[in-house]
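Subject: The structure we talked about

Hi there,

Here is the structure I promised to hand over. Please open it next to this email and follow along as you read.

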Amino acid sequence: MIVLASFVILLPFLAAFAGLLLGPRTSRLLGARPGPVPDEGPDALRGLRRNGPALIACVPLLAATMLALVVAVTVWRDPGARTGSLTYVPTGTLRIDIGLQVDGLAALVGLMVCCVALAVQVYSVAYMAKDPRYSSYTAFISMFTAAMLLVVFAGDLLLLYVGWEVMGICSYFLIGHHWEDRANSRAAVKAFLVTRVGDVGFLLGILVLGAGAGTFTVDGVLAAVPEMPHGTVVAATLLLLAGVAGKSAQFPLHTWLPDAMAGPTPISALIHAATMVAAGIYVVARLYPVFLDSAPALTLLGVMAVVSMLGSALAALAQDDLKRVLAYSTISQLGYMAAGLAVGAESAAIFHLVAHGAFKALLFLAAGCVIFVTGSNLLRRYGGLRRAMPVTFWSMTIGYAALIGLPPVSGFFSKDSIIEGARHAAAESGLVGDHPEVAHLPGAMAWVVYIGLLVTVGVTAAYVVRAWLMTFFGEARSSFEAREAPALMAVPVAVLAVPAALLGFFGLGADELRPHFASAALALLWAAAGAAVVYLTWNRDPARDPADRLGVVRPVFARAFYVDELYAVLIVRPVRSLARLVVAADRHGIDAAVEGTAAWSRRAGGLLRRSQTGNAQTYMTGVLAGVVLIAVGVVVLL
């Protein structure tokens with residue numbers, strides 16, 4: 001089992017190196033003609049056989065997906081954790097084990113990562129067909145995928161951290177893929193810096209946890225929690241939450257994710273669905289017994305969840321860029337998962353993580369189809385695409401239904417489980433849902449989480465229905481050739497629609513994941529209210545954006561409550577001012593002192609140099625003058 005998991009990580013890792021070293025050369029060896037690769041029609045399929053970078057990226061990932069499926073089926077048939085140490089690094093007092101751990105959580109998330117990454121790679125063959133740097137693009141996707149799989153299967157926290165950081169580097173290169181555009185490179189730098197802020201706390205949290213437990217292995221840390229000092233557990237979990245907030249784009253480190261939409265759309269699907277943003281939630285679930293022993297961390301997680309899910313849903317309601325609507329939606333849905341973890345509904349949170357991976361990847365790739373056809377990201381330029389793009393329309397409708405949480409698609413089951421867990425925690429005055437033996441979340445906080453979940457359901461329905469109506473209904477608002485996207489793009493979208501629709505039924509086998517009538521009915525009422533308000537507003541004038549009815553608050557929502565501007569005033573400008581002061585002190589202080597010393601040395605050397613002219617007559621004149629002076633001195637003194 002550990003060997004299979006190792007190959008699941010290793011295959012995309014080797015594909016990344018092969019893509020970087022051999023990509024375009026492989027195409028020439030396969031007989032491909034110079035020039036752009038066809039992106040649709042029979043020529044696209046024939047070209048795929050000679051597309052070296054695409055084959056290097058897709059074939060190993062397909063093999064890794066099959067191995068991940070074998071791992072998942074094996075763990076499903078015979079539950080239990082398997083661990084294996086590949087080697088170890090002696091560091092004196094603590095031993096770092098380079099090993100993997102496979103259990104139900106790792107197997108499920110690993111399979112999800114492989115499936116989504118494979119869909120993204122296939123989709124990118126057509127979407128990025130004319131991109132001159134397609135080879136490096138696919139290689140970085142493979143590296144990104146391998147890094148996330150390392151996080152998923154790591155049996156040691158330091159090994160997990162390696163995957164965590166490699167993923168951050170890959171996201172920088174992928175978000176800034178079109179670096180010629182200044183906005184793209186700035187978005188990549190912003191994502192890198194903001195997530196690094198959280199990573200500092202994350203690394204410190206790992207070190208505190210490992211030092212307290214006397215080991216960095218996941219099993220060892222979890223076993224040592226009951227004996228660890230409570231202060232150590234609280235400090236470690238609070239530090240870890242900084243990294244979770246950064247990677248999973250939760251308040252207050254969420255600001256990088258909407259700007260990261262500057263990257264290619266398939267990258268958005270990968271980051272939002274299966275890799276980077278999922279890593280933070282996954283780590284909390286992996287170390288969940290540690291968090292259950294820390295009331296401040298659970299409370300902070302609940303606060304982060306409520307602010308993130310409701311604030312981002314309101315921001316999504318006012319966006320005109322379809323990708324930014326989905327970006328804020330991701331922050332909001334990750335808030336749902338964090339809320340589930342805060343109230344103790346761990347299974348429901350993981351269930352929603354997997355369902356969200358399917359339907360968010362579907363939505364981003366479908367959005368890419370719309371952007372590919374219309375040539376624009378803006379909702380105000382869409383309209384009337386329902387009949388021209390039937391595959392995209394029906395697939396996206398399923399994805400939107402899952403995002404709202406409508407029955408019987410996957411999001412309905414997963415979101416209902418979280419809402420029911422929050423209701424249970426609130427009704428039991430803070431008792432943690434699936435873990436009654438540890439009562440840490442304050443009752444008031446549990447009620448705040450529960451109400452926040454319900455309100456967010458209504459706002460989610462409102463922004464989803466707005467985007468759906470403005471994209472597919474009414475008259476076209478700009479000139480474009482309405483047609484379906486190429487098959488290599490439409491097929492992955494249609495395939496992803498299947499798990500987005502059916503994954504929820506796999507939860508019927510567990511009591512905590514079955515729908516609950518009271519919670520479901522209340523959530524559906526909120527959703528119906530949000531959807532009805534938007535539909536009635538749109539129906540009065542289909543040519544007008546329903547968000548215009550928000551009036552003076554629309555700019556506030558569109559700017560996401562001016563958090564970026566606040567950070568600019570409180571952090572960016574003071575740091576820049578301080579940097580300018582440092583530059584001035586360096587230039588006029590340190591540099592001036594060094595350069596001044598050199599100038600004075602040159603002047604002193606110049607004075608001395610005048611006596612060293614190389615003229616023998618001058619030297620002899622000096623000698624004679626000296627002799628005369630000495631003689632005169634002797635005569636006068638004696």
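Before we start, one definition: the axis of a helix here is a line fitted to its C-alpha atoms over the stretch in contact, and an angle between two axes runs from 0 to 180 degrees between their N-to-C directions. Please also keep in mind that this is a predicted model.

**Two helices side by side**

With that definition in hand, look at helix 5 (residues 134–153) and helix 11 (residues 265–273). Their axes come within 12 Å and cross at roughly 5°. Angles under 35 degrees count as roughly parallel, and helix 5 and helix 11 are therefore roughly parallel to each other. Which residues of helix 5 meet helix 11? They are Y137, I141, F144 and T145, and on the helix 11 side you will find P266, I267, L270 and I271. Sorted by class, this contact has seven nonpolar residues, one polar residue and no charged ones.

**The whole chain**

Now zoom out. The chain has 24 helices and two strands. Its C-alpha trace spans about 125 × 65 × 55 Å along the principal axes. Of the 638 residues in the chain, 53% are buried. If you take the contacts between residues at least 6 apart in sequence, 80% of them join residues at least 24 apart.

The chain is divided into domain 1 (343–561) and domain 2 (565–600). The C-alpha centres of domain 1 and domain 2 are 48 Å apart.

There is also an annotation from a database record. In an unreviewed entry, UniProt places the feature "domain: NADH:quinone oxidoreductase/Mrp antiporter transmembrane" at residues 154–424. Over residues 154–424, the model is 77% helix and 0% strand. The C-alpha atoms at the two ends of that stretch are 33 Å apart.

**Three residues to click on**

Let's begin with I98, which lies in strand 2 (residues 95–102). Is I98 buried or exposed? The answer falls in between: I98 has a relative accessible area of 25%, so it is partly exposed. Setting aside residues up to four places away in sequence, I98 touches S85, L86, T87, Y88, V89 and L159. For a sense of distance, try I98 and D321: they are 223 residues apart along the chain, and their C-alpha atoms are separated by 44 Å.

Next is Y400, in helix 17 (residues 390–404). Its relative accessible area is 4%, so Y400 is buried. What does Y400 touch, leaving aside its neighbours within four places in sequence? It is in contact with L322, L326, L363, V464, A467 and W468. Y400 and A15 are 385 residues apart in sequence, and their C-alpha atoms are 33 Å apart in space.

The last of the three is T537, which you can find in helix 21 (residues 517–540). Buried means under 20% relative accessible area, and T537, at 18%, therefore counts as buried. Not counting residues up to four places away in sequence, T537 touches P546 and R549.

**Some backbone details**

A little background helps here: most residues other than glycine have a negative phi, and most peptide bonds are trans. With that in mind, here are some spots to look at.

- A cis peptide bond joins F251 and P252, with omega at about 10°. P252 sits in the loop between helix 9 (230–247) and helix 10 (256–259).
- A cis peptide bond also joins P407 and P408, and omega there is about 5°. P408 is in the loop between helix 17 and helix 18 (410–427).
- A560 is not a glycine, yet its phi is positive, near 55°. You will find A560 in the loop between helix 22 (554–558) and helix 23 (563–609). A560 has a relative accessible area of 12%, so it is buried.
- F561, not a glycine either, has a positive phi of about 65°. F561 is in the loop between helix 22 and helix 23. With a relative accessible area of 37%, F561 is partly exposed.

That is the tour. Enjoy turning the model around on your screen, and write back with any questions!

Best wishes

Definitions and conventions: Residues numbered from 1 in each chain as written. Predicted model: local features only at pLDDT ≥ 70, side-chain atom pairs only at ≥ 80, totals over all residues. Heavy atoms only, no water. Helix = DSSP H or I, 4+ residues; strand = E, 2+ residues; numbered from the N terminus. Parallel < 35°, antiparallel > 145°, perpendicular 65-115°, else oblique. Contact = heavy atoms within 4.5 Å. Nonpolar A, V, L, I, M, F, W, Y, C, P; charged D, E, K, R; others polar. UniProt positions renumbered as here; feature names shortened; annotations may be inferred. Domains from an automatic or database assignment. Buried < 20%, exposed > 50% of the residue type's maximum accessible area, 1.4 Å probe, protein only.
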